[in-house]
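Q: I would like a close look at the salt bridges in this chain, and at the surroundings of the residues that form them.

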Amino acid sequence: MSSHASSEAPDHEALKEELVPAEEALVRAAYRLIASKGIERTTLQDITDAAGVSKALAVYYFKTKENLLLAAIRWVLGRVAERMTGVVDSVEAPQEKVHAMVDAIFVDPRRNRDFYLAYTALIGEAARNERFNELNVTFRSIMNAAYADLIRSGEGTVFAVDSVEEAAMGVRALIDGFFMQWLEESDWSAVHERYKAMCARAILRYLGSPATSHDAA
């Protein structure tokens with residue numbers, strides 16, 4: 001991917017929406033329910049009960065359950081993309097960017113579990129609903145562009161890849177793959193740090209980076 005192509009990709013601002021307090025309360029409640037119950041089983045009544053507001057208020061702001069669920073997923077995807085890109089941009093050394101990225105993604109067991117349960121629900125819904133698919137495509141484009149920029153920062157020096165675009169997809173596959181395996185662990189909270197360390201080492205090896213003392217820690 002060229003620098004020009006990267007600049008044309010959407011950034012996290014594409015997922016940001018200004019919410020008034022009542023909207024944010026509904027969005028937060030919807031997100032928690034998506035993570036615990038999935039998209040299909042979450043009802044508008046469930047969301048308004050959890051948010052402590054009337055169903056009429058939810059309809060006033062979002063019109064439909066689908067609009068509210070989309071807003072909830074957009075909200076959390078925007079937060080994830082903003083946090084990850086901000087942390088990576090604050091670090092100069094390419095190898096340290098990888099560690100910063102993994103630290104920003106593996107934030108803590110509960111938040112990661114909620115996010116990936118909601119994200120897998122989004123992927124399932126995206127296969128059937130074009131509006132959810134468009135949201136997922138935007139998020140995927142933002143993250144792949146961020147991974148490509150990270151790889152480009154060390155391309156030809158500490159990273160050795162044949163194609164930045166393909167390597168970015170590979171990095172994303174490693175991150176998602178480690179998270180999927182982590183979700184399957186019965187003691188997922190206890191092994192969270194172990195999976196984070198394994199993920200960082202796997203990404204650096206995949207990018208052809210020599211081991212450092214940080215990687216061995």
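Is Lys 16 buried, exposed or partly exposed?

A: Lys 16 is partly exposed, at a relative accessible area of 39%. The model is a predicted one, and a salt bridge is counted here when a side-chain nitrogen of Lys or Arg lies within 4 Å of a carboxyl oxygen of Asp or Glu. That rule gives 12 salt bridges.

Lys 16 takes part in one of them, with Glu 82 as its partner and 4.0 Å between the closest N and O atoms. This pair ties together distant parts of the chain, since Lys 16 sits in the loop between α1 (3-8) and α2 (21-37) while Glu 82 belongs to helix α5 (residues 65-89), 66 residues apart. Glu 82 has a relative accessibility of 36% and therefore counts as partly exposed, because partly exposed covers the range between the buried limit of 20% and the exposed limit of 50%.

Another salt bridge joins Asp 103 to Lys 196, with the closest N and O atoms 3.5 Å apart. Here too the pair links distant parts of the chain: Asp 103 lies in helix α6 (residues 94-105) and Lys 196 in helix α10 (residues 192-206), 93 residues apart. Asp 103 is partly exposed, with 43% relative accessible area, whereas Lys 196 is buried at 14%.

Glu 125 and Arg 128 form a further salt bridge through their side chains, at 3.0 Å from N to O. Glu 125 is buried, with a relative accessible area of 8%, and Arg 128 is exposed, with 59%. Shared partners also create a network of salt bridges, made up of Asp 103, Glu 193 and Lys 196.

Helices α6 and α10, which hold Asp 103 and Lys 196, also appear in the surroundings of helix α9. The cover over the buried residues of α9 includes α6, α7 (109-126), α8 (130-154) and α10. Helix α9 itself (residues 164-183) has 20 residues and spans 29 Å from its first C-alpha to its last, close to the 28 Å expected at 1.5 Å a residue. Its buried residues include the aromatic side chains of Phe 178, Phe 179 and Trp 182. Also buried in α9 are, among others, Val 164, Ala 167, Val 171, Ile 175 and Leu 183. Two charged residues, Arg 172 and Asp 176, are on the buried list of α9 as well.

Notes:
Residues are numbered from 1 along each chain as its sequence is written. This is a predicted model: local features need pLDDT of at least 70, side-chain atom pairs count only at pLDDT 80 or more; totals for chains, interfaces and linings use all residues. Side-chain values use heavy atoms; hydrogens and water are left out. Helices (H or I, at least four residues) and strands (E, at least two) are DSSP runs, numbered from the N terminus. Buried means under 20% relative accessible area, exposed over 50%, partly exposed in between (1.4 Å probe, protein chains only). The expected span of a helix is 1.5 Å times one less than its number of residues. Contact means heavy atoms within 4.5 Å.
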